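Please open the model in your viewer and keep the selection panel at hand. The tour below goes from one selection to the next and says what can be found at each stop.

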Amino acid sequence: MTGRAAAGWLLRRLALGAVVVLGAATVAFLAFHLATGDPVRVLLGAETPTPAQLAEVRTQLGYDRPVLVQYGSFLGHLVRGDLGYSYQTREPVSELIGDQLLPTVELAGSALILALAASVALAVATAGRRPVLRGVSSLLELVAISAPSFWVGVLLLTFFSFRLHLFPAVGSDNVDALVLPAVTLALGLVGTFTQVLRAGIERALAEPFVLSSRARGTGQTQVRRRHALPHALVPLIALSGWTVGALLSGSVVIETIFSRQGLGRVVATAVGGRDLPVITGVTVVSAAAFTLTSLLVDWLSRVVDPRLRENPA
Amino acid sequence: ACGSSGSPASAAPAAGGTLTYGSDQLPDCLDPAVSPEDITGIVDREVFDSLVSESHDGTFHPWLASSWSVDPAGTVYTFHLRTDVKFQDGAALDAAAVKASLDHVVAPATASQYAASLLGPYTGTKVVDPATVQITLSAPFEPLLQALSTPYLGIQSPAGLQAGKTQLCTHPVGSGPFSFVSWTKPTSLELKNNPAYNWAPADAAHQGAAYLAGITIQFNTENASRFGSLTSGQSQVIEDVPPVDIKTLKAQSGLGLLTEQRPGAVYTIGLNTAKGPLADPKVRTALMRSVDFDQLIQSIYFGQYARAWSMLSPTTPDYDATLAKSWPPDQALGNQLLDQAGWTAHDAAGYRTKDGQELTLRWPAASPRQDRAALAQGIQAEAKAVGINVQYVNEDQGAYIQDLIGGKLDLVDTSFVRDEPDILRHFFASDQTILKGGANEFGLHDPQLDQWLNGAAAGSDAAQRKQSYLAAQQYIIKNALAIPVYVPTTLVGYQTKVHGLALDADGSLLFHGAWIAK
Amino acid sequence: MTGFSGSGESSAKSSTESSGGGSATDTDPGLSPLLEVRGLHVRFATRGGPVEAVRGVDFALYPGRCLAIVGESGSGKSVTSRALVGLAGARSEVRADRLSLDGTDLAALTDRQWERVRGGRIGLVLQDALQSLDPIRPVGAEIAEALRNHRIVDRADVPRRVVELLAGARVPEPDQRARQYPHELSGGLRQRALIASAVAAEPDVLIADEPTTALDVTVQARILDLLAARKADGTAMLLISHDLSVVARLADRVAVMFGGKFVEEGDVADLLHAPGHPYTRELLAAVPALHAKGTRLAVTAPGRAAVGPGDRAGCVFAARCPLATDQCRSTDPPVVHLGAGHTVRCWHSDEAWPAPAARTQRERGILAGAGTEAGAGAGAETGAETGAGVGARAGVGAGAGAGAEVRDAPVIEVDRVSKSFRRPDRTRRQVVRDVSFTLAAGETLGLVGESGAGKTTVAQIVLGLLEPDEGAVRLLGRDWSGRRESARRPLRDKIQLVPQDPMAAFDPRYTVERVVGEALGAPGGRSARRERPRIRELLRLVGLDDGVLGRHPYQLSGGQRQRVAIARALAPEPAVLVCDEPVSALDVSVQAQILDLFADVQDRLGVAMLFISHDLGVIHHVCDRVLVMRDAEVVEAGPVREVFGAPREPYTKELIAALPLTD
Amino acid sequence: MSAASADGAGPATGAVPRRRLPVRIRPARPAALAAGLVLALILLAAIWPGLFTGRPPNAVDPPAALQGPGAAHLFGTDELGRDEFSRVVHGTRVSLGVGLGATALALALGSAAGVVAATAGRVVDEAVMRVCDILLSFPGLLLALLVVAVLGPGTADATVAIGVSMAPGFAKLVRSQALVIRRSDYVRAAVTFGRRRSEIHLRHVAPNALAPLLVLATVTVGGAIVAGSSLSFLGLGPQPPSPDWGSMLADGQNYLAVSWAVAVFPGLAVTATVVSSTVVGAYLRRRFEGRGAGDGF
Ligand SMILES: Nc1ncnc2c1ncn2[C@@H]1O[C@H](COP(=O)(O)OP(=O)(O)OP(=O)(O)O)[C@@H](O)[C@H]1O
Ligand SMILES: Nc1ncnc2c1ncn2[C@@H]1O[C@H](COP(=O)(O)OP(=O)(O)OP(=O)(O)O)[C@@H](O)[C@H]1O
Ligand SMILES: [Mg+2]
Ligand SMILES: [Mg+2]
């Protein structure tokens, strides 16, 4: 593919991404307005204001304007990175998200690395051989996929933290405290990744090009490494969108269980308290992250699999 | 009941070290004038000093005010201030600062949720001279000194007050033993030692600057993990040890428990006396008597919380001990009362009906704690046995407030810590409606109670006040205006290397004298 | 995974037979064999029980000489070749009395030693060049892999050597190609790159498994030249093919494989001119290029090579053999010497073989009513299954077969049609340019050309599935292109398609009954049942019995599926059949039966056919006239005899020249 | 119909519909049978809990609180002395209801949108697909959380939330299936028989696009059940005292120090349900694929 075509592709994808983020913001705005309950009252929390006070705050926040005007100003603020104020903590949402992003990325990142390492090892070891091991492994993977992460988290916490005192129960300060949450988050991914990778490796191993490579004198392990694994990575990369979603969704639950700082916890608290500005903010941010990821994924897929470069998105 | 940690026999206090304290609440605003929360009180207690201090025996001692006097009419309080006190921002404490602080409390813009009500019939503060300040009231108000001793009326730095609402909520500046450093919402908050501190209350066990170099407050609402953080040594002190874990805590060496029943209004279920089925006292009494609270509390709180028989906690002055066991569970009576009230038919689900109307009681809760939700389910199950359908619904704060204001509920649960029987007025005086910042959720208008409670607040005769409060407590139970459930109890867990922890009169933690053994 | 057992000549089991028979491998006394195979057995454990894919094969390869194995799909050719490099497959069990390379016993090799043999001593070019190169690696990397595995040159020299090898495989612009990915190369280039990777480590033995299948004839010829050059350099070669014409060009000796055994072996010329085994004879008879239009190709009943469980006694071909006797079915046939180095395993090698029957003169124009009688005649020839008859219902052909005057009236007139498609980069690509032709009733017009020439596009335009950009199509004298679909609908019945891949052209949920029923205007299950008598009749017309009515397409063999597709196409009583590569996915023998079926159908019903193929042999056998397409244009047109006999255009000449076995 | 290209083995980027467990198992018949049996029991418990236990799930008995598993209480009791076994059995209906309801909703919404997109012309197609893209740009649980934030917590609301969050995946699948089928040779063939457009859609496109969808739905139920229990674990699903696995676990978490049973059995129930429904779904899918149709997922 020529550089110009690639640039065109990128531009198209970016434009599409912008549409998606804008759409997500619109959905969030709609949600905000569809939600039952008066945002001003929610904003005032436990206070019991007089009607005059209510009206004042309402004017102050511009909730008395027509919906379309509000939508316009919402988008205007959005473009400037202003996501409004949290009902619960009264902080600017953008700051809140900015502060909490890092711990979540830390958790998600380490879980991802953990999951990738474990599943590559497992998949390469079990793909297409040792049927008993493979069977046991796939059963465990299935359980890992099916067991809800909140349950796994609670069990791990009970066992390793409360009973054996191996890891701290809470906090986001040190590496120790990251172990259990990351393992919990990784477990579900390991199951999925291993299955996808193994299926990919097995499919690739059955392909004539593998036989062809073997006929050239390439050894078993080399064939797995050079030919099968890269092929298995393609579906794994295609799964990235799902992965990001799983990591973010997982962090909502896991940060709650392990009392970790992070975006997930913010979301969980916000939904519980119907802190819509925060939810809206996280929504927009995650849509943006998602769009970027899918862009990255498509680009990566094209790098790994040159055939995809032929058919532009 | 004075609580304090550590054995007195241990070595001399060691200065330094940061203490990590696990709290189960998330503060939402640190301006004491705004927020009524316990956790705000705990944090602010370290940051702000009060004019006076109350000790556990209910007597008052000099703090920022070295002395004070009250005029015979009981409406003018004159405080003589210490002159050596500096705020953490360097400004000196003077009468103007006290006035600014109190004016801020009552300013409508502050939208105080609690502190303003503490001041009662407050009319204003006058600067007499830099070291003398006068508070005037429109009527005598006996609980004023106690109110002034709480952190909610702590004295703030005048410069801080200028900084605006948001800044006040997030960066408290006072004259206390610890100064505010940072607050990482929603996980932790840092305080550091105020080395200049030399004006502890006269009754304090320790004078001079605090021992600890700093305090890290970890907000951790997950019971299990908060407790885990204590056992694993991540926190040295935690608040609200889950009752389920008390046994474990006691069994583990190196851990200690600081416990005390908290004064004020116990955990109570308020009943809508204004409308709906509960407007009928028979139905109220039926509900009150049909639930076996003893057993529920025993099993949910593992015997750590005492069963409450009066609206007032046993540690509150003028508590009526005769109410204990005076209204034991009696489902037969409950059924009988309900029959009498006309709820005689039953529907398919087994609930009572009257004129085709099901006997349904709506009980909304805003993201309740798990134990309270469990308690509610227990109540629900037992009420069902006599045919009452208690609908416990989880709502968000906004919907909850709207329900509350709109009176769209039959039951509401609350508790309120304060070492003052006057707290009853907050709940039952007819002028204490929620729109006015009170806790009279259902607009109860009972002249008899008004007379007792308002009279006691204004009266200075201790015996007469006592009589009024005892009568009010009896009246509340007799008329089933509210159902007291359990006595909130401080359950502070700590590592025994932490010494000198104390509880104030309200049962809140004090860190001024705390130190960590090396 | 792969296990060897029973190596060594002492194993008595097959040695009597092979040595006693004097296997053809002995015929090169001057040379000692490089690779020697005796009593090779390969068995697969499958869910349905063990499959004996190879059952006792003996041969030897000599430097500079080429042995070809021919045989139909599934006869065990590829398995044999893979067994030689120790890669027979998962769950396979390989046994051989002797398997030695230059004196080394291959059966005794360890995994590491095998790796040195593979690619280093024995090169293998796999069957499917399309998929034998890793699609996500540049082709150069595959060649480099062979070089590195065997440490042929220094690491630093690898890229240079890769380019040299590509150049040696006659790949133009080799340094650029090395960096390209397989999908960026044409089929021929891919095959060359694959060969380059197989010979990179300069093996003494080269095994080429179907190296030219799926390639255009012209490209095919170049690949064969390349292999011939390797052979001339002294490489011992094993060529696997099902295409006798390919074999004839390259091989010195041929072994005919059927059901996991070599049923006949001999020098190329001997074997092709004087086949001894009924199967070889059938194979030769089925090659359309060898037979003029109007002769019948298929001799035997359809059916797959009998690779079954276990070593059954009797001749492997007995079930399909017209000469089979009880003896054939019960006892293994002996090895019979027909001449120098020409052996055959058959009880009846001396018996006369029925000559390819010339069909009765074409009966175009004769009313379809005569069908029953002729059908019975044809049935006698075609054997058991087709025997049910090409019996047409009186009415089926009536629309088209209405006498001589109709014959010459054009049913399809294509007038200067052009079509272009937009490429992803928004430029347009001309796929069909200025194509004109007419098709008369009862006539067969061939459309030939290499892949991408635009044949399918022309077919789609004729079918009214694509609108031409320019030009017009008329059907039965009426406007056909440039009209709304609703206006076309009344005429739809008159033109039908026989697709290349019937599987894809059937709704996967439908049974055969519904598939055919839909074409009769009865798409529902119930309405199809009402049409059952007609559906039966149609199936019988294409040589299928009622048993298939309730089956789903995936439960049919390829040949049966194509028959269903033909039955379906005939159902609306069309005047024109458009056949887009209808036999290219089929085995020669099945192909022969289907081609016969087309001829019969046309005889009965007088439909006109537009017959698309890239196989000149098929076109030659089937068509009256032919159009040669190249790069979107018709480059030559005329009666088959003229075009094939005296091609004018250089491209056509090249095509015809590359067709090895025309007579 | 394209010239030779190696797309046959090409990966399908983005073809993985999100919000389902991307399980790649190909269970054998005995495994599927075992899973089917478990699933049948679970279904039976959902329809007729009285068959398994006579105890009411909400009856409290405080003195018997937090007992371990034993003869009196098979799975022990919770903090109010309610029988855990009875609650797990009665919770089946709630959890399965959320899972099945959400899947059915997603299926209905998704296939309606997908069919509309595939048939109603470019503009509509583009619009529907962009909406799907937008909804898919939310992480699964987050979209459900957003819906819960709008609707409020509760069983029905959680079901709707999960259903809505899963619908775009279905819509995309239906659409791509429909488009593939529309371009398929058998639809082309139907055109050559003079079938009408509407008839072709009805007879070929719709059934062939929907059949793999139903199979996919069986695989999806597991994901919906997990999502449902996650929501209720966060306190946003079925409200107390409704015996729901997620909220039972959330409650039980507080009493781990005293009783492990409260946290183990509800989680086991979720896991067993999800595993068995996934295995059964995967088996069905495999059977279906084995017939040579619908490799679109
Ligand atoms: N791995 C395997 N497992 C089971 N059976 C196999 C395996 N590989 C090949 N077979 C069977 O062995 C027989 C011979 O296959 P082989 O590939 O050698 O045929 P072929 O002659 O090369 O046919 P084609 O012309 O189609 O390539 C077939 O019946 C095939 O089904
Ligand atoms: N719908 C389409 N859009 C774009 N390009 C197309 C389309 N259909 C065909 N083409 C291109 O037009 C060219 C001619 O295609 P066509 O299928 O007619 O060739 P063909 O002669 O039938 O080749 P083959 O022998 O491979 O079937 C090819 O390069 C193909 O890629
Ligand atoms: Mg083969
Ligand atoms: Mg074509």
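Begin by selecting C:Glu115, which is buried, with a relative accessible area of 13%, and keep in mind throughout that this is a predicted model. Add C:Arg112 to the selection, and you will see that C:Glu115 forms a salt bridge with this residue, with 3.6 Å between the closest N and O atoms. Unlike its partner, C:Arg112 is exposed, at a relative accessible area of 59%. Both residues belong to helix α3 (residues 111-117) of chain C, where they are three residues apart and thus separated by about one helical turn.

Next, stay in chain C and select C:Arg137 together with C:Glu142, a pair that forms a salt bridge in which the closest N and O atoms are 3.3 Å apart. C:Arg137 is buried, with a relative accessible area of 13%, and C:Glu142 also counts as buried, at 1% relative accessibility. Widen the selection to A:Arg216, A:Arg226 and C:Glu145, since these residues are linked with C:Arg137 and C:Glu142 in a network of salt bridges.

Now show the whole of chain C, whose secondary structure comes to 25 helices and 24 strands. Of the 663 residues in this chain, 59% are buried, and the accessible surface of the chain comes to about 25300 Å², with 49% of it belonging to carbon and sulfur atoms.

Move on to chain A and select A:Asp298 and A:Arg13, whose side chains meet in a salt bridge (2.1 Å, N to O). Because A:Asp298 lies in helix α13 (residues 276-304) and A:Arg13 in helix α1 (residues 3-34), both of chain A, the pair ties together parts that are 285 residues apart in sequence. A:Arg13 counts as buried, at 12% relative accessibility. Over all chains, the count of salt bridges comes to 60.

For the last stop, display chain B with chain D, where 20 residues of chain B are in contact with 21 residues of chain D. The two chains bury about 1700 Å² between them, 56% of it on carbon and sulfur atoms. Highlight B:Val244, B:Gln370 and B:Gln377, which supply 31% of the area that chain B buries against chain D, more than any other three residues. Across this interface there are zero salt bridges, whereas four residue pairs are in polar contact. Finally, colour α12(B), from which the largest share of the side of chain B that touches chain D comes, namely seven residues; by class, that side has eight nonpolar, nine polar and three charged residues.

Notes: Residues are numbered from 1 along each chain as its sequence is written. Chains are lettered from A and ligands numbered from 1 in the order in which they are written. This is a predicted model: local features need pLDDT of at least 70, side-chain atom pairs count only at pLDDT 80 or more; totals for chains, interfaces and linings use all residues. Side-chain values use heavy atoms; hydrogens and water are left out. Contact means heavy atoms within 4.5 Å. Buried area is the accessible area (1.4 Å probe) that two parts lose on being put together, summed over both. A salt bridge is a side-chain nitrogen of Lys or Arg within 4 Å of a carboxyl oxygen of Asp or Glu. A polar contact is a pair of N or O atoms within 3.5 Å; within protein, one must be able to donate a hydrogen and the other to accept it, and residues adjacent in sequence count only if both atoms are side-chain atoms. Helices (H or I, at least four residues) and strands (E, at least two) are DSSP runs, numbered from the N terminus. Ala, Val, Leu, Ile, Met, Phe, Trp, Tyr, Cys and Pro count as nonpolar, Asp, Glu, Lys and Arg as charged, and the others, Gly among them, as polar. Buried means under 20% relative accessible area, exposed over 50%, partly exposed in between (1.4 Å probe, protein chains only). Accessible areas come from the Shrake-Rupley method with a 1.4 Å probe; for residues, only the protein chains shown count as cover.
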